Structures are given as structure tokens and as C-alpha cells.
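The report that follows concerns one helix and a selection of salt bridges, and is meant to be read beside the sequence and the model.

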Amino acid sequence: MTRDKEQTRGQMNPAGQEECSNNVDLFALEIPVWYEKSGKVSAGWLSLCKEERNQTTKLLEEIVSTANLFKAYRKVKSKWGSGGIDGQNVKEFGTWLNHNYQTLQADIQQGNYQPQAVKGVEISKSKGGTRLLGIPTVRDRVVQQAILQVLQKQYDPKFSPNSFGFRPRRSAHQALSKACQIVSQGKTTVIDIDLEKFFDQVNHQRLMWLLSTRIGDKRVLNLITKTLKSGILIGGLIEQRTKGTPQGSPLSPLLSNIVLDELDQELTRRGLSFVRYADDLQIFVKERRNAERIKVSLTKFIETRMRLKVNQTKSGVRNCWEVNFLGHSLLKGGKLGLSKQSEERLKDKIRQITRRNRGVNVEQVLKELNTKLQGWLNYFHLAQMQKKLKQIESWIRRKVRCFRLKQCKRVIGIVRFLMKLGVEITLAWRTALSGKSWWRLSNSPALNMALNFKWFSEHGYYSLVDNYQRLHRNPI
């Protein structure tokens, strides 16, 4: 082993200890920073990439192995999902694969495999606008999953420890915990970088260059190129793609992390504290006067070198408590809060469930509420929000009371309903004949007496306040 390589590997260990072993697993080594201060590509990075290419000249055999293909199918099957443009569902493809897996293996190895166009589906974004999803056929999803399973073992160990999105054994809660840890150190000014339509803007040539630096099997590179360039079916017409990685494909998350790892390495080289979850990047500094300069410099790096676009209207320098990071606000002292946007999104969903003209019974409404509230609280339970939850829950109970009251329709129906729940007859008639709106009546003494906490408990309502106290035992 040369002296240069020994020095390079010595730089890679954070503790300063050299990792010089003839049997060293390059896939387990940390990639050194890519760029030197001059902006030139690091010699250490190039050296290690060359060794990696030498070790990855036969990746395709591992990808198309029978064990890997059927493992990929089981993964796709577990997520189920709809079929692509060929209409074949997961179960039908499984039957086909059992009898034809050798044909699929041969097509891929001989270069005859051709991915089909993905089915374009637009979904609404929580912040407004739409997001275009691409749904590949089941066959293409299985092949992409097979590629992912092999490449992830190579790439994931070298990704930045400050990257948390789309990675095994990493979660949004871990990203939030890391952000809180940084804020607790006094870095309360946040540079919020928003990448405009990131998944749609990934430069194919740049991505393939990044892959070719560390993958020595050109057959795998050609297979990924075919996947990237497969068309997308929108409105009955197939459009060819020249950029972007379609959201909805198994391989897209890993490719996005490979692209953004270049940015992570640059931030590490500059000694900046940051947390990234997918394309949501937060950089933390102590001095606000330095933040604008860093933002300008990073924007130039992202747009010039990485060939991506920064959304200037959504990016900016903010106080940590003004930031909406993964639905949370970051409070001083390193605590989590619930962002205003997340609160409003929850209320919008509750309004949809408790619409008074839905034509379903209150049991169905409570069932849908429980599903929504349980999932919501499991995600947000780390936030400091006990007082806010009491206000939200009081509002939810009133929405349910209003929904149930309107089902009574007539005056006599309201009276009978209230009396059945123990309301005194005079108060029941006074409430029914008041002439107030459904919403005002829902907060009347009679309704609070009839549909009280006991009534909600007996009907299986999932209490946010009660369950928050149970879940919020180890807050960040």
C-alpha cells in the first residue's frame, strides 16, 4: 500500500487513527470530503473511488441473482400499490416471475431489458400546488428494488451522519433530535434552503457522472440510465424525460441522496452544522450576520456545480422558532414545538371528516377521527404542546357535537336525543327552540352535558390529551 493511500485513509478516521488493512472493506469506509479549499476535487476522494470501481465490476450478477430478485419482489409486494401502464398487479406479476425469472435475468444481463414508461399521477401538496408521481410497472419496480438493495449497501454507510431521509434505520424523529441538539448549543439562526422541484430537476448527466465515479460495472450504469430515461404517461401521451427522478419509484430516494451527498460533503468541509431530511435542508449558525453570506455562497455552489435550482422565495435566514422543519418548530433551548402549519393541516383534515352533510353516522366519523388522530399524535408526540392540544381537542369535540346534533334534524328529534342522554326536559326544549345555528348550539350547556367526556369515552374516541401524556414521557 502506498504512503499516499495510507495518509488518505488516516484522514478518513475522525479519531485520527489510520485504517490500513489489506482486507479493509471499502464499502464500510467513510468517504473523505470531496473538495479541497481551492474548489478542486480531493485527491483522497478520487483515490478511494478508483478502488471502489475496481471492487464493483460485477455488481449486475448480484443484482440479478435469484435470491435478490425474489427478495425485491417480496418488498414490492409488501407495499402492494397500484399497477403501471400495463395494468398488471403485484399478484399477477408474482405468478409470472415464478415461471419466468430466468428470462428476466437473461434480458437484464444481455442488455435487452427495457423499462416501460411510468404512469404519471398528480397529487395535491400540503403547502399548495401539485406533485407529479411516477408509478412504474410492477416488473420495473421489482428490478429497481433489486438495484436498490445492492447499491444501498455500498452507498449508505458513506452518507453523512447528518442525513436522515430515505435511509434504513433512520427517521424524521432522529433528524428532529439532531436539530434540537444543535439549537441547544446556541446556534439559533437557521439558513433554510429550499430546492425548487428537486426530484424533477435532477440533472441526468451529473447523476450518472456521480454514479460512474464509484461503480465499475458499466452494465449497471446502462441499466440505471434506461430507468431514468423511460418516458412518463400523462394525459394519454408519453413524454420523454431528460431530467429528474420520478417520485414513486423505489430507486428514486437513493439516487436523490447520492445527488445531495455532494452538498452534505461540502457543508462538512466548511465546518457547518446542518441537518438534512431528503431535500429539506436546515443549516444552523450562531451569528446572523454570517448567515446571509453563507446562503449566497451555498446557492452559488448548488446552482453552478450541482446544477440544481434554489427557490429564493421559500429560502431564507430565519430564527429557529420561525422554521417549519418536518412539521415542527425549533424552540430555544433545544425543544420541539408544533408548527402553525401542522396545526392548520390537522384542522383542515378534521373539517373534512366532520362535514355535516356527509350522510354517515357518528360512529363512522369517530372511527375516521381515531385513525387520523392516532397517526398524527404518534408523529408529533415529541413536541411541547400540552396546552395547545387541550384547545385543539376542545374544538374537535365541539365539531363532533355539531355533527351529531344536526343528525337530529327537527326540534322534537333534538329534544328526544338530549333527554335520552340525561338532559332535563325544560333545558332540552329550551335548547331545541332557541333558533341558534348548529355551531352555536354545539357549545350550549345542554350539548356539553349530553355529549360529555364519558360519552366520548364510551364511543371509543381517541383522546389527544390523554394519549399525549402517555407518549410524551421522553421528550426531546
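## Salt bridges and helix α4

E266 and R269 form a salt bridge in which the closest N and O atoms are 2.8 Å apart. The model is a predicted one, and in it both residues belong to helix α11 (residues 252-269), where they are three residues apart, about one turn of the helix. An α-helix has 3.6 residues a turn, so residues three or four places apart point the same way. E266 has a relative accessible area of 3% and is therefore buried, whereas R269, with 27%, is partly exposed.

The structure holds 18 salt bridges, and three of them are set out here.

| Pair | Closest N and O atoms |
|---|---|
| E266 and R269 | 2.8 Å |
| D192 and R318 | 3.1 Å |
| K340 and E344 | 4.0 Å |

D192 and R318 link distant parts of the chain, since D192 lies in strand β3 (residues 189-194) and R318 in strand β8 (residues 316-319), 126 residues apart. D192 counts as buried at 12% relative accessibility, while R318 is partly exposed at 22%.

K340 and E344 lie four residues apart in helix α13 (residues 340-353), about one turn of the helix; K340 counts as exposed at 52% relative accessibility, and E344 as partly exposed at 30%. Elsewhere, E52, K158 and R214 are joined into one network by salt bridges that share partners.

Helix α4 (residues 66-79) has 14 residues, which at 1.5 Å a residue should span 20 Å, and this agrees with the 20 Å between its end C-alpha atoms. Its buried residues are N68, L69, F70, A72, Y73 and V76, and what covers them includes α3 (59-63), α5 (90-109) and α6 (138-155). Just after α4, W80 takes a positive phi of about 55°.

Terms used
Residues numbered from 1 in each chain as written. Predicted model: local features only at pLDDT ≥ 70, side-chain atom pairs only at ≥ 80, totals over all residues. Heavy atoms only, no water. Helix = DSSP H or I, 4+ residues; strand = E, 2+ residues; numbered from the N terminus. Expected span 1.5 Å × (residues − 1). Buried < 20%, exposed > 50% of the residue type's maximum accessible area, 1.4 Å probe, protein only. Contact = heavy atoms within 4.5 Å. Salt bridge = Lys/Arg side-chain N within 4 Å of Asp/Glu carboxyl O.
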